[in-house]
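Colleague: I'd like to go through the aromatic side chains in this one with you. Could you put the model up first?

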Amino acid sequence: MTRSVIALLLVALAAVLVLALAVGPFPLSATDVLRAAGRLVGIDGGSATSGEIVLLRVRMPRVAAAALVGAALAGAGTAYQTLFRNPLVSPDILGVATGAGLGAVVGILLSLPVVGIQGLAFLLGLGTVALVYLISVALRGHDRTLVLVLSGVVVGALAGACISLVKILADPYDQLPAITFWLLGSLAGVKLGDLGVVAPLVLAGLVPLVALRWRIGVLSLGDDEARALGVDVPRLRIVVIAAATLMTASVVAISGVIGWIGLMIPHIARMMVGPNFNRLLPAAMLLGASFMLLVDTLARTLARIETPLGILTAVLGAPFFLWLLARGRKTWG
Amino acid sequence: MHYLLGLALLLLQAVPLEAGEIKDATGRTIVVPGRVERVMAAGPNAAVVLYVLAPQKMVGWPSAPRPNEREFILPAARDLPELGRLTGRGDTANVEVILKAKPDLVFDFGSVSPTYASLAERVQEQTGLPYLLIDGRLERTAASLGMLGTALGIPERARAIARYVVETEATLDTGLQDLPESARRRVYLARQPNGLETGLTGSINTEIIERAGGINVAQRAAGRGGIANVSIEQVVAWAPDTIITWDANFFASYASDPVWATVPAVANKRVYLAPRLPFGWIDAPPSINRIIGLRWIAGLLYPDRFPEDIRTTARTFIKLFYQADVDEAQLDRIMAGAQPGERRR
């Protein structure tokens with residue numbers, strides 16, 4: 001049953017991929033597509049046409065990035081929700097996106113080149129979660145999870161305040177619009193080179209999640225049960241947080257802040273395949289990739305200008321999510 | 001052209017000169033003290049106008065000149081304190097600090113929509129300072145300068161600046177008169193290091209490009225134009241023949257990008273960096289500092305119709321508007337990347 005669901009999701013993803021590659025403002029001829037395909041398998045058709053360049057260097061990286069971002073955010077969300085045994089948790093619960101946002105706006109304020117902005121976003125995303133974790137360890141409350149989440153809320157609020165401060169300091173003509181757009185998320189500027197850096201980082205986060213999938217699944221039973229089954233809970237918690245944070249921070253660095261995916265997609269996946277982490281993770285990642293691809297395709301084709309992704313995910317996601325909830329299916333546990 | 005000039009100057013003098021009372025652009029009647037010696041600019045647009053018209057009357061800047069801008073600003077003005085903005089929204093000014101600076105008059109230069117009129121009214125009520133709202137639209141510049149000349153008590157200076165504006169407009173109109181639609185240049189404004197932020201037609205950010213006869217490829221779909229993000233694929237599809245950027249990072253990096261290389265403007269080496277010292281040439285702030293941008297863009301787009309040497313023009317403009325004598329080296333710094341066929345620094 002679940003195998004067929006996953007197979008179905010794979011087919012859906014492939015269909016959305018083809019659709020996303022096919023549409024865009026630049027008209028592609030059949031020749032462009034054939035020549036580009038030829039070039040991919042090593043047949044050099046001479047100097048590249050504009051259409052070929054658009055397909056190979058603009059659309060393909062962007063489509064790949066959209067799938068990667070969606071999969072990573074949904075995967076990280078699934079890991080967090082399982083770890084905290086709470087369906088309201090999103091990848092940002094420990095402040096990774098807010099921290100990355102702060103890094104990016106500081107980069108924009110300092111007029112850094114794109115790579116610098118992305119790098120700062122990545123580092124501050126990781127740094128924020130590391131800080132949250134260290135604070136929660138130092139506080140040593142009774143309820144580890146509660147202390148962790150509260151530290152995340154506090155540090156996130158602090159980072160949010162710093163973002164507001166940067167907005168006040170920023171140049172209103174030049175930097176302020178850039179900051180606003182970055183905080184709404186967009187894949188408009190993604191390049192092939194960005195993918196080469198981000199994809200390995202996402203993979204590095206994904207490997208431990210996949211390798212430890214059984215133990216992470218056991219976590220959903222509760223800390224005591226997990227301990228009874230021989231799982232080193234504190235260590236596993238660090239690994240899951242680090243892996244999910246790495247995935248989120250690296251994609252947020254190229255896409256900007258995109259809400260909803262990490263919260264909503266794991267839910268929908270859970271409705272399809274149930275709460276078992278082993279099956280939930282691939283289902284959520286496939287679904288996240290397809291959803292993000294659809295949203296990004298809309299973002300670049302709705303108008304001649306880009307529609308920010310954060311707006312679209314919320315506008316599309318919120319009603320759909322409400323509808324799912326209204327169907328009243330039990331989704332947790 | 002001379003007829004236009006005469007007409008405009010006549011209009012300037014027709015502004016009512018009732019002693020102590022001034023009707024501002026929103027139709028509000030403001031009581032202004034007989035002698036206006038200390039003036040505060042409410043925002044960055046107004047600050048440029050005030051600095052150009054009456055630097056000796058400034059009490060401070062909404063945001064102080066940055067280090068690289070200081071050398072082009074008169075010594076007496078560049079060390080004035082930073083007071084923040086006081087436009088009634090997103091203010092950073094502390095009202096007590098403003099009152100301590102004892103301005104006789106506050107004015108803003110920009111939108112005169114009912115929202116801004118009511119904001120101005122609120123600021124005036126709260127501070128008790130006369131607050132003038134001046135129409136900052138490009139096409140109203142000459143008339144607005146005339147009104148300010150009266151309000152600030154410097155009609156001669158205002159007339160001299162307005163004359164330059166009117167002359168520039170007349171030069172543009174004459175030069176662009178019989179320009180066929182097919183010969184018009186298609187321009188893309190690239191903002192941000194990735195060059196993918198732009199201004200839509202009719203936006204205050206691209207107004208100068210459009211007034212100078214360029215077609216802004218980023219046509220707005222609906223509503224007022226503003227700043228938008230676009231994809232590189234869209235830029236390739238638009239195929240602009242000229243790119244104006246004001247981001248030094250983008251200007252340094254676009255050439256090494258194979259995707260940008262497919263854009264005609266890049267292939268034909270028609271990418272120019274907009275000067276921004278001491279104030280921007282096409283924006284930043286959208287005030288009278290943009291007048292030089294009109295001449296610059298017109299010359300870039302249609303060199304046959306506007307053959308004037310932009311360096312000479314720039315020097316005259318900077319002398320007249322900012323009262324700064326710039327040498328060759330300074331001019332090089334201001335205009336880096338702004339001219340065709342220039343050696344890249």
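Colleague: Which residues form one aromatic cluster with B:Tyr164?

Modeller: B:Tyr51, B:Trp61, B:Phe279, B:Phe317, B:Phe321 and B:Tyr322 join B:Tyr164 in that cluster, where rings of Phe, Tyr and Trp (its six-membered ring) pair if their centres lie within 6.5 Å, and planes under 30 degrees apart count as stacked, over 60 as edge-to-face and the rest as tilted. This is a predicted model, in which local features need pLDDT of at least 70 and side-chain atom pairs count only at pLDDT 80 or more, while totals for chains, interfaces and linings use all residues. Residues are numbered from 1 along each chain as its sequence is written, chains are lettered from A and ligands numbered from 1 in the order in which they are written, and side-chain values use heavy atoms, with hydrogens and water left out.

Colleague: How many aromatic pairs are there over all chains?

Modeller: There are 16, including the tilted pair of B:Tyr164 and B:Phe317, with 5.8 Å centre to centre and 55 degrees between the planes. B:Tyr164 belongs to helix 8 (residues 155–176) of chain B and B:Phe317 to helix 14 (residues 310–322) of chain B, 153 residues apart; helices here are DSSP runs of H or I with at least four residues, numbered from the N terminus.

Colleague: Is B:Phe317 buried or exposed?

Modeller: B:Phe317 counts as buried because its relative accessibility is 1%, buried meaning under 20% relative accessible area, exposed over 50% and partly exposed in between (1.4 Å probe, protein chains only). B:Tyr164, at 9%, also counts as buried.

Colleague: Switching topic, what sits over the ring of B:Trp246?

Modeller: The charged end of B:Arg276 does, 4.4 Å from the ring centre; the criterion is NZ of Lys or CZ of Arg within 6 Å of the ring centre and within 35 degrees of the ring normal.

Methods. Helix = DSSP H or I, 4+ residues; strand = E, 2+ residues; numbered from the N terminus.
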